[in-house]
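Here is a short report for a reader who is new to this structure. Please look over the sequence and the model before reading on.

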Amino acid sequence: MSDPLIACRGLCHTYLRGTPMEAMALDGVTLEIRPGEVVAIIGPTGSGKSTLIQHFNGLLRPTAGEVRIAGEDLWAPRADRRRARQQIGLVFQFPEYQLFEETVRKDVAFGPKNLGLPAETIAARVDEALRQVGLDPGRFGDRSPFTLSGGEMRRVALAGVLAMRPSCLVLDEPTAGLDPRGKEELLERIAALHRKGMTLVLVTHSMDEAALLAGRIVVMQAGRVMLDGSPHEVFAREDDLRRIGLALPQAARLVRLLRGRGMPVGDALTIVEARQAILAAVRGMGRGAH
Ligand code: ADP
């Protein structure tokens, strides 16, 4: 197995330490993310998901424990945190609120410009990043970001992070607030990035998106990792999930409902799997009738 890209060991984080408002947000998280993985982080509100991912690129400093990026301790005295920030691209919730330049091109160029790269390299990176999010540079490059649809604006913000050429993208609720079409387009782009080898960490409230995209799901609860496994392993723990307010993906609920009504349908986590399982069951039932 390859070495982990991100490794947290005994990671703790307490906000406002030593004040009456002190809050322990992370309580001993040990977790490794390997190159090429797609990991969904799920859990109820306040379970520590946002706090955790802000440790992945050194935005937050652990109160205790350590974070290593590609083997390097992020908080060692001579650690290169700038490099880590470039390697681990963090996309916040509603990242389009941070767009501010007059044109799409200038906005996407902002990060690479700060790296001090030559103008031609910046221009090439901007075009490449826009293509990666499905926006034609010729059509969109000179437009104001504020004339775009919500989904397009979000993809511009994502392009701004991709232009830094990260090896891992960490996305906090990437589809929140988008209409169904905007969601679908963005999910397709995210899946395409994975197919090209990008490591992805995805914080999501949507069990459907976790089931659709992730090869592994980490469930956070009260600042700890409660479950960590494949989607099938994690969603098999329905009672544990329900106890912390999490439901199964819609497709899983549908096949269970059908089974409850006597249809011999197998398990499914995504709509495509549910369709196959239902078709197989219907065919089987048809054969049984002859
Ligand atoms: P999640 O992303 O799962 O909703 P968070 O990481 O945002 O969880 O929050 C974990 C805990 O830390 C919560 O109890 C929250 O109230 C607290 N918290 C988060 N951010 C801050 C902050 N900036 N100051 C103080 N407490 C915070």
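What is the volume of the second largest pocket? About 330 Å³. The model behind this value is predicted.

## The second largest pocket

The lining of the second largest pocket counts 14 residues. Nearest its centre lie L187, D208, E209, L212 and I271. Four helices each supply at least two lining residues: helix 7, helix 8 (207–213), helix 11 (250–260) and helix 12 (271–289). Helix 7 gives the most, with four residues.

What is the lining of the second largest pocket made of, by class? Seven residues are nonpolar, three are polar and four are charged.

## The largest pocket

The largest pocket has a volume of about 690 Å³. It is lined by 26 residues. Closest to its centre are L90, F110, G160, V161 and M164. The elements that give two or more residues to this lining are helix 2 (81–87), strand 6, helix 3 (104–114) and helix 6 (150–162).

Which element gives the most to the lining of the largest pocket? Helix 3 does, with five residues. By class, 16 residues of the lining are nonpolar, seven are polar and three are charged.

## The six-stranded sheet

Strands of a sheet pair through backbone hydrogen bonds, and the pairing is either parallel or antiparallel. Here, six strands make an open sheet with mixed pairing. Their order is 6-7-8-3-9-10. Strand 6 (88–91) and strand 10 (224–229) are the edge strands, and each pairs on one side only. On average, neighbouring strands of this sheet are turned by 15 degrees against each other, direction ignored.

Start at the strand 6 edge. Strand 6 pairs with strand 7 in the parallel sense, over four bridges. I88 stands opposite C168 in strand 7. Strand 7 also pairs with strand 8 (residues 199–203), again in the parallel sense, over five bridges. There, D172 stands opposite V203 in strand 8. At the other edge, strand 9 (residues 216–221) and strand 10 are antiparallel and share five bridges. V218 of this pair stands opposite D228 in strand 10.

## Strand 7 in detail

Is strand 7 mostly covered or mostly uncovered? Strand 7 (residues 168–172) is mostly covered, with five of its five residues buried. C168, V170 and D172 point one way from the strand. L169 and L171 point the other way. All of these residues are buried.

Strand 7 also takes part in a right-handed β-α-β unit. The other members of the unit are helix 7 (residues 180–195) and strand 8. Helix 7 has a further role in the picture, as it gives four residues to the lining of the second largest pocket.

## The four-stranded sheet

A further open sheet has four strands. Their order is 2-1-4-5, and the pairing is antiparallel. Why is one side of strand 2 and of strand 5 left without a neighbour in the sheet? Strand 2 (23–33) and strand 5 (72–73) stand at the edges, and each has a single partner strand, so one side of each has no neighbour in the sheet.

Strand 4 (residues 64–69) and strand 5 run antiparallel. Two bridges join them. I69 stands opposite E72 in strand 5.

## Two residues with positive phi

R165 is a residue other than glycine, yet its phi is positive, near 55 degrees. Where does R165 lie? It lies in the loop between helix 6 and strand 7. R165 counts as partly exposed because its relative accessible area is 43%.

A222 is another residue other than glycine with a positive phi, near 50 degrees. Its place is in the loop between strand 9 and strand 10. Why does A222 count as exposed? Its relative accessibility is 52%, and exposed means over 50%.

Methods:
Residues are numbered from 1 along each chain as its sequence is written. This is a predicted model: local features need pLDDT of at least 70, side-chain atom pairs count only at pLDDT 80 or more; totals for chains, interfaces and linings use all residues. Side-chain values use heavy atoms; hydrogens and water are left out. Two strands pair if DSSP finds at least two bridges between them. Axes are lines fitted to C-alpha atoms, for helices over the stretch in contact, and angles run from 0 to 180 degrees between N-to-C directions. Buried means under 20% relative accessible area, exposed over 50%, partly exposed in between (1.4 Å probe, protein chains only). A crossover is right-handed if, with the strands pointing away from the viewer, the path from the first strand over the helix to the second runs clockwise. On a 1 Å grid over the protein atoms alone, a cavity is a set of points where a 1.4 Å probe fits but cannot get out, and a pocket is an open set with protein on both sides within 12 Å along at least five of seven lines; lining residues have an atom within 4 Å of a point. Grid points are joined across faces, edges and corners, and a volume is the space filled by probe spheres set on the points. Ala, Val, Leu, Ile, Met, Phe, Trp, Tyr, Cys and Pro count as nonpolar, Asp, Glu, Lys and Arg as charged, and the others, Gly among them, as polar.
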